[in-house]
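Here is a protein to explore together. Take a moment to turn it around on your screen before reading on.

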Amino acid sequence: GGGVALLTGDWGAMAEPIADLVDVQLLLLDPPAGASWRERVSVVRADEGAAPFTVGFLRAAAVDARSAATERLAAVSRALRPRGRLLAPADVPVPADVAELARDERHWVGERTAGVSQPVRLGISRRR
């Protein structure tokens, strides 16, 4: 339990039933008109292709076809914490930082691989 799960576009219409099943804060990015939700659901509107989230912010995400067709998929993938889950349409390529776990004719599910940081230079500071 806990954390934040993202639903982009058309997935926002599923906010209420998903909120009943999971113990996470749901974040809807550009949900469709007429979508309804209640507690533990927040809404963000952004420019097409944008996903204004920091690295490691999301526990999981479901990306609709419209969002997956833009740079938004890469931004959402970067926002997942290591081992975070990503659901996307089957015809969308799996991002390089995601390992595919399962696939059917409509969707694939992947897991964000652990990121490796750039080397950090260590040194000794000489005080006078």
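What volume does the largest pocket have? Keep in mind that this is a predicted model, and that in it the largest pocket comes to about 250 Å³. General background helps here: rolling a probe the size of a water molecule over the atoms reveals where empty space remains.

Let us look at the walls of that pocket. Its lining is made up of 18 residues, and those lying nearest the centre are Ala5, Ile18, Val22, Ala60 and Ala61. Three elements each give two or more residues to this lining: β1 (4–8), β4 (58–62) and β5 (80–89). Of the elements, β4 gives the most, with 4 residues.

Now step back to see where these strands sit in the protein. The secondary structure consists of 3 helices and 7 strands. If you follow the chain from the N terminus, you meet the elements in the order β-α-β-β-β-α-α-β-β-β. The C-alpha trace spans about 65 × 35 × 30 Å along its principal axes.

How is the protein packed? Of its 128 residues, 39% are buried. Among contacts with a separation of 6 or more, 33% are between residues 24 or more positions apart.

Finally, turn to the outside. The accessible surface of the protein is about 8,100 Å², and carbon and sulfur atoms account for 52% of that area. The protein also carries 17 positive and 16 negative charges, and the mean positions of these two groups are 15 Å apart.

Conventions
Residues numbered from 1 in each chain as written. Predicted model: local features only at pLDDT ≥ 70, side-chain atom pairs only at ≥ 80, totals over all residues. Heavy atoms only, no water. Buried < 20%, exposed > 50% of the residue type's maximum accessible area, 1.4 Å probe, protein only. Contact = heavy atoms within 4.5 Å. Areas by Shrake-Rupley, 256 points an atom, 1.4 Å probe, with all protein chains shown as cover. Lys, Arg positive; Asp, Glu negative; His and termini not counted. Charge placed at Lys NZ, Arg CZ, Asp CG, Glu CD. 1 Å grid on protein atoms, 1.4 Å probe; cavity = no way out; pocket = protein on both sides within 12 Å on 5 of 7 lines; lining within 4 Å. Points joined across faces, edges and corners; volume = space filled by probe spheres on them.
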